[in-house]
Amino acid sequence: MSASTAHVHSHHASADHEEIITSVRQALYQDGKGLAVRPEIVDELAVHACVVLADVIAAVEDGGPLDVIAPGGGGWPRPGMDWAQLLRAGTTLFEVLLPIALRELAPPDDAAVTRISVLLHQGITARVVRDPLACPVPPRDLILASRRDERRRMTRELHDQVLHGMGLAMQSLDLHRYHVETSPVLARAKVDRAIGLLCQVMSTLQQFSVELRRSVEPGGLERALRSYLAAHVEPSVNVVIRTRGDLTSLPADVNEEVYLIVREAVRNAVRHASPSRLHITVEVSGGTVRATVADDGVGFDPGDSPAGGGLASMQERAMLLRGQFTWSSVPGVGTRVELRVPLTGGAQ
């Protein structure tokens with residue numbers, strides 16, 4: 001897969017991983033012809049859709065052919081799926097992804113639209129509608145796709161927060177020059193506003209710098225988590241983090257994804273739950289890594305969709321690791337999320 005897949009021109013509206021997942025799920029469940037009764041198939045197809053779209057965007061921006069990595073491993077298509085189901089699934093994915101791809105890439109003419117459609121068809125055919133003896137997208141490729149989405153999120157936030165804030169600061173400085181001779185008080189207010197905006201921009205850039213440096217090094221999961229907690233959780237929150245087992249035995253890919261899942265759980269708790277206590281545990285034993293995040297915040301009704309959609313994002317990441325993600329919440333009591341990931345390398 002081309003390295004430039006991670007790049008999206010700033011004028012494109014960024015395709016959100018969660019938007020794709022939600023749209024694919026809705027379309028497949030509305031299909032009502034067998035796929036909807038197997039949630040695991042729907043989930044895997046949604047992840048395949050994200051990988052296909054990323055590949056198509058890379059091919060269009062590079063001006064080259066679709067670079068599809070040969071699948072490896074086992075388990076997809078799912079046993080018992082016939083050609084009719086595969087074709088129906090492929091058609092559904094195409095109908096969902098084409099509008100998103102066209103929005104992302106803003107083709108200038110009909111020829112470009114046709115090329116995007118052909119590339120999308122090729123990608124879906126290669127990854128979904130193929131020989132039932134074929135194998136799934138390797139977990140490593142799916143993990144790489146999720147990391148591309150993380151970089152896109154950061155790109156959006158840099159654009160929306162940093163560039164917007166700098167633009168407003170420049171506007172205030174221009175107004176200062178306009179008012180400096182006729183209204184010194186108003187001119188001073190414009191300078192003060194520009195200083196305040198630039199301070200906000202600096203704070204945002206510092207946060208991004210910390211996040212970018214906090215990519216988990218081998219054996220550094222606990223250190224990365226403690227660093228994130230120290231930087232992003234208020235001192236008024238009682239934070240307890242416990243680790244058990246040999247975290248240095250975790251593969252690099254697992255290290256990174258477990259960190260991102262736990263980080264998202266902490267972020268959700270801090271932003272939405274107003275907790276006074278936050279307990280995090282990470283344990284490696286018996287060829288499995290387990291992680292839990294529990295808070296005593298406001299909680300929510302399990303029948304309602306919590307704000308932000310973070311649970312769906314965490315579940316998708318867990319699926320990429322072939323793991324299990326569960327959560328429970330009680331209004332007024334708190335929320336608990338738990339991750340279990342098998343370690344193919346047999347880390348103990």
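**Sheet, core and loops in the predicted model**

Phenylalanine 325 stands opposite leucine 339 in strand 5. The model is predicted. Strand 4 and strand 5 pair in the antiparallel sense, over seven bridges. Another bridge position is valine 330, whose partner in strand 5 is glycine 334. The two strands form a hairpin, with three residues between strand 4 and strand 5. Glycine 332 sits in the turn and has a positive phi of about 80°.

The hairpin belongs to an open sheet of five strands. The strand order is 1-2-3-5-4, and the pairing is mixed. Strand 1 (238-244) and strand 4 are the edge strands. Each of these edge strands pairs on one side only. On average, neighbouring strands of the sheet are turned by 5° against each other, direction ignored. In general, strands of a sheet pair through backbone hydrogen bonds, either parallel or antiparallel.

Two helices contact this sheet. Helix 8 lies across strand 2, strand 3, strand 4 and strand 5. Helix 8 runs at about 10° to strand 3. Helix 9 packs on the sheet as well, touching strand 4 and strand 5. The direction of helix 9 makes about 155° with that of strand 4.

The largest nonpolar core holds 36 residues. Val266, Leu278, Ile280 and Val289 touch the most other members of this core. Several elements each supply at least two of the core residues: helix 7 (221-232), helix 8 (252-273), strand 2 (277-285), strand 3 (288-295), helix 9 (310-320) and strand 5 (334-342). Helix 8 gives the most, with nine residues. Apart from this core lies another one, of 31 residues. Its members include Ile21, Val24, Ala27 and Val96.

Valine 289 shows how the core is knitted together in sequence terms. Residues up to four places away are not counted here. Beyond them, valine 289 touches Leu250, Val254 and Val258. Its contacts also include Val282, Glu283 and Val284. Leu339, Arg340, Val341 and Leu343 complete the set of residues touched by valine 289.

Serine 329 lies in strand 4 (residues 324-330). Serine 329 is buried because its relative accessible area, 6%, is under 20%. The side chain of serine 329 has two polar partners to report. It reaches the backbone nitrogen of phenylalanine 300 at 2.9 Å. The side chain of serine 329 also makes a polar contact with the side chain of threonine 335, at 2.8 Å. Both partners recur in the wider contact list of serine 329, which comprises Gly299, Phe300, Pro302, Gly334 and Thr335, not counting residues up to four places away in sequence.

Arginine 336 is found in strand 5. Arginine 336 counts as partly exposed, because its relative accessibility of 39% falls between 20% and 50%. The C-alpha atoms of arginine 336 and valine 293 are separated by 5.7 Å. Along the chain, arginine 336 and valine 293 are 43 residues apart. Neighbours within four places in sequence left aside, arginine 336 is in contact with Thr292, Val293 and Ala294. Arginine 336 is also in contact with Thr326, Trp327 and Ser328. In a regular strand, side chains alternate between the two faces of the sheet.

Two loop residues have a positive phi without being glycine. Serine 274 has a phi of about 50°. Serine 274 lies in the loop between helix 8 and strand 2. Serine 274 counts as exposed because its relative accessibility, 61%, is over 50%. Arginine 322 has a positive phi of about 60° and is likewise not a glycine. Arginine 322 is found in the loop between helix 9 and strand 4. At 40% relative accessibility, arginine 322 counts as partly exposed.

Cysteines were examined last. The count of disulfides comes to zero. Cysteine 50 counts as buried, at 6% relative accessibility. Cysteine 199 is partly exposed, with a relative accessible area of 46%.

Methods:
Residues numbered from 1 in each chain as written. Predicted model: local features only at pLDDT ≥ 70, side-chain atom pairs only at ≥ 80, totals over all residues. Heavy atoms only, no water. Core = buried A, V, L, I, M, F, W, Y, C linked by side-chain atoms within 4.5 Å. Buried < 20%, exposed > 50% of the residue type's maximum accessible area, 1.4 Å probe, protein only. Helix = DSSP H or I, 4+ residues; strand = E, 2+ residues; numbered from the N terminus. Contact = heavy atoms within 4.5 Å. Polar contact = N/O pair within 3.5 Å; in protein donor to acceptor, adjacent residues only side chain to side chain. Pairing = 2+ DSSP bridges. Disulfide = S-S within 2.5 Å. Axes fitted to C-alpha atoms, helices over the stretch in contact; angles between N-to-C directions.
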